[in-house]
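I opened this notebook to keep track of what I looked up in the structure, one topic at a time. The sequence and the model come first, and my entries follow.

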Amino acid sequence: FDHFTYPTFAVWFHKFEWYTRYEATVYQQQGIPITSGTIWRYMILTPLRRWLKRLFLKQGIRDGVPGVLAATFDLMTKVVGFGRYWEMEKNKKQ
């Protein structure tokens, strides 16, 4: 059974924009402080853990390029989502 969540890069970029903005809003609603610990957690540990889980535990690597891309897109969404949150907080202070 084939499931193509991201049939084209254009679809992925559209979803990427929505998901990263949504994630930033969730972080803001939760009031997550921006510290070296939260940067480490939300921009390194969580994305890396999810990437490894998608590639190896869920065997995305067996899908070849599409599997690696899907895992990498997930990693990038987490990193950029927190980056957008940081930007929102920075702009709020100005």
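**Entry 1: a residue to begin with**

I began with E87, which counts as partly exposed because its relative accessibility is 39%; the word buried means under 20% relative accessible area, exposed means over 50%, and partly exposed lies in between, with a 1.4 Å probe and protein chains only. E87 lies in helix α3, and I also looked up its separation from T38, which is 49 residues away along the chain: the two C-alpha atoms are 15 Å apart.

Before going on I noted that this is a predicted model, in which local features need pLDDT of at least 70 and side-chain atom pairs count only at pLDDT 80 or more, while totals for chains, interfaces and linings use all residues. Residues are numbered from 1 along each chain as its sequence is written, and side-chain values use heavy atoms, with hydrogens and water left out.

**Entry 2: the overall fold**

I looked up the secondary structure and found 3 helices and 0 strands in the protein chain, arranged along the sequence in the pattern α-α-α. Here helices (H or I, at least four residues) and strands (E, at least two) are DSSP runs, numbered from the N terminus. The C-alpha trace spans about 50 × 25 × 15 Å along its principal axes, and of the 94 residues in the chain, 27% count as buried.

**Entry 3: salt bridges**

How many salt bridges does a search of the whole structure find? The search gives 5, where a salt bridge is a side-chain nitrogen of Lys or Arg within 4 Å of a carboxyl oxygen of Asp or Glu.

I took E17 as my starting point, and its salt bridge with R21 has its closest N and O atoms 2.6 Å apart. Both residues lie in helix α1, 4 residues apart, which is about one turn of the helix. R21 counts as partly exposed because its relative accessibility is 48%, and E17 also counts as partly exposed, at 32%.

E17 has a salt bridge with R84 as well, at 3.0 Å from N to O. Since E17 lies in helix α1 and R84 in helix α3, this pair ties together parts that are 67 residues apart in sequence. R84 counts as buried because its relative accessibility is 16%. I therefore wrote down E17, R21 and R84 together, as they are linked in a network of salt bridges, by the 4 Å criterion already given.

The side chains of D74 and R50 also meet in a salt bridge, at 2.9 Å from N to O. This pair links distant parts of the chain, with D74 in helix α3 and R50 in helix α2, 24 residues apart. Is D74 buried or exposed? D74 counts as buried, because its relative accessibility is 10%, whereas R50, at 29%, counts as partly exposed.

**Entry 4: the second largest pocket**

Next I looked up the second largest pocket, which has a volume of about 220 Å³. Of the 13 residues that line this pocket, the closest to its centre are Y6, Y19, R50, D74 and T77, so I met R50 and D74, the salt-bridge pair, again here. On a 1 Å grid over the protein atoms alone, a pocket is an open set of points where a 1.4 Å probe fits, with protein on both sides within 12 Å along at least five of seven lines, and lining residues have an atom within 4 Å of a point. Grid points are joined across faces, edges and corners, and the volume is the space filled by probe spheres set on the points.Which helices each supply at least two residues of the lining? They are α1 (9-30), α2 (36-57) and α3 (65-93), and the largest share, 6 residues, comes from α1. By class, the lining has 6 nonpolar, 1 polar and 6 charged residues; Ala, Val, Leu, Ile, Met, Phe, Trp, Tyr, Cys and Pro count as nonpolar, Asp, Glu, Lys and Arg as charged, and the others, Gly among them, as polar.

**Entry 5: a nonpolar patch**

On the surface I noted a nonpolar patch of about 410 Å², made by L48, L52, F56, I61 and V68. Patches are made of residues with over 30% relative accessible area and no salt bridge, like charges being joined within 9 Å and nonpolar side chains (Val, Leu, Ile, Met, Phe, Trp, Tyr) within 5 Å; the areas come from the Shrake-Rupley method with a 1.4 Å probe, and for residues only the protein chains shown count as cover. Helix α2 gives the most to this patch, with 3 residues.

Technical notes. Grid points are joined across faces, edges and corners, and a volume is the space filled by probe spheres set on the points.
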